[in-house]
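Ready for some practice in reading a protein model? Take the exercises one at a time, and try each task before you look at its solution.

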Amino acid sequence: MPLEPVPSPSPRGKTPSPPKHQCSPTVPCPLQLSEMGRQYHHFPKGTFKARFSPPALPKFVVLHLVSHPPVWTWSVKAGPNKGKTFQVPTVPIACDKTASKAVQWIVAVFHSFKAHLNPIAIAADTGRVQPAWLRLYQNNLYIHFCNQLKARPSRRKGVPPTKPASSPPNPAPTGPEADATHLHVHPLETEVKALRAEIWSLKDKLYNYISTHEACCRRNDPPSSSSSSEADASDGDNPPEPPHPPFELLVQRPDGITVPDGNPPTWLTTALSHIDLPSEFTGAMYSPDGTMASDLPRDAAGVVKLHFRGSPPFCLAVRTDRSLLTVDSARVGRGQITSIIKLAPDPTVPTA
């Protein structure tokens, strides 16, 4: 009986390598957690409605990936490997506003990838990416990150980083040596110092302008109010009276009859004593009601923004019908304000 031919041994005793993996053109390759980040896989045909390619990594993303590798810690809760943890490569696809700038950039890349997908890769009921396509995306993007990190410039191979030799601490230099130590200053630090100096200079100018404006307003006060206050202060029997308004204030009663306002609020009296109105508004004026208007009327002849210390600012508008109106300062444009006055605290100030 003839013997069967003996097969020739493999060269050098090596077993033949398994066939090379080929991705299916119709369905995504099934990936296990243990296979993530090991091999690049192609997406099936018809996945994208427009060509998508992962972008190059900015410098801040590269620095983040060097210190925070994109991995997911997976703990086994049952089986022979119970209690063991494994590092599974992954790529974040969602984050909150508190996440770092690099993580937000990576999540933005995922949203760009999702915008290029056809309906075949998106679940119709949830609107999310199908798990098979999502795992394929995370695998390929992780490999892209690794290739970008390998391609970044680094130190020469075989040359470890050298540390400066430790030396005993030297005393602080003085004189010319101290000036020489400050020559190597970062240009950004110099620019920040210059901006701070400019801000402080502008603050000083603003405070000087406010103090000058308040002093000018005090000089324009009616002499009768100051003299009466001095006379009342010298008389110990009668308490001091509030200053009288420079304008005659009128108020309309519920029955429609207009009468003089005998008890105007002190904030209004103080504000009117600091307002310089045209000559046509020197007659009687109508006191504002207790409401705060949300919008500035179109017939406003002048608007003064009032700052009472300890109270939110608001505006006092003088209308063409000689009526006064309090308006929320947030609804008044900067170009509509005639002047800005800062005054002392007053408990009668309206609070909207």
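**Exercise 1. Find how many bridges join strand β6 to strand β7, and in which sense the two run.**

Solution. Start with the two strands: β6 covers residues 300-308 and β7 covers residues 314-319. Strands here are DSSP runs of E with at least two residues, while helices are runs of H or I with at least four residues, and both are numbered from the N terminus. Next, count the links: six bridges join β6 and β7, which run antiparallel. Two strands pair if DSSP finds at least two bridges between them. As an example, look across from L306 and you meet F314 in β7.

A word on the source: this is a predicted model, in which local features need pLDDT of at least 70 and side-chain atom pairs count only at pLDDT 80 or more, whereas totals for chains, interfaces and linings use all residues. Residues are numbered from 1 along each chain as its sequence is written, and side-chain values use heavy atoms, with hydrogens and water left out.

**Exercise 2. Work out the order of the four strands in the open sheet, and why β8 and β9 each have one side without a neighbour.**

Solution. First, read off the order, β8-β7-β6-β9, with mixed pairing. Then look at the ends: β8 and β9 are at the edges and have a single partner strand each, so one side of each is left without a neighbour in the sheet. From one strand to the next, the twist averages 30 degrees. Finally, add helix α7 (residues 266-273), which packs on the sheet and touches β6, β7, β8 and β9. The direction of α7 makes about 70 degrees with that of β7; axes are lines fitted to C-alpha atoms, for helices over the stretch in contact, and angles run from 0 to 180 degrees between N-to-C directions.

**Exercise 3. Decide whether S287 is buried or exposed.**

Solution. Locate S287 in the loop between β5 (285-286) and β6. Now apply the cut-offs: buried means under 20% relative accessible area, exposed over 50%, and partly exposed in between (1.4 Å probe, protein chains only). S287 has 15% relative accessibility, so S287 counts as buried. Beyond neighbours within four places in sequence, S287 is in contact (heavy atoms within 4.5 Å) with L249, L250, D261, L268 and L324.

**Exercise 4. Name the bridge partner of L250 in β5.**

Solution. Begin with the open sheet of three strands, whose order is β4-β3-β5. Within it, β3 (residues 249-252) and β5 pair in the parallel sense over two bridges. The partner of L250 is Y286.
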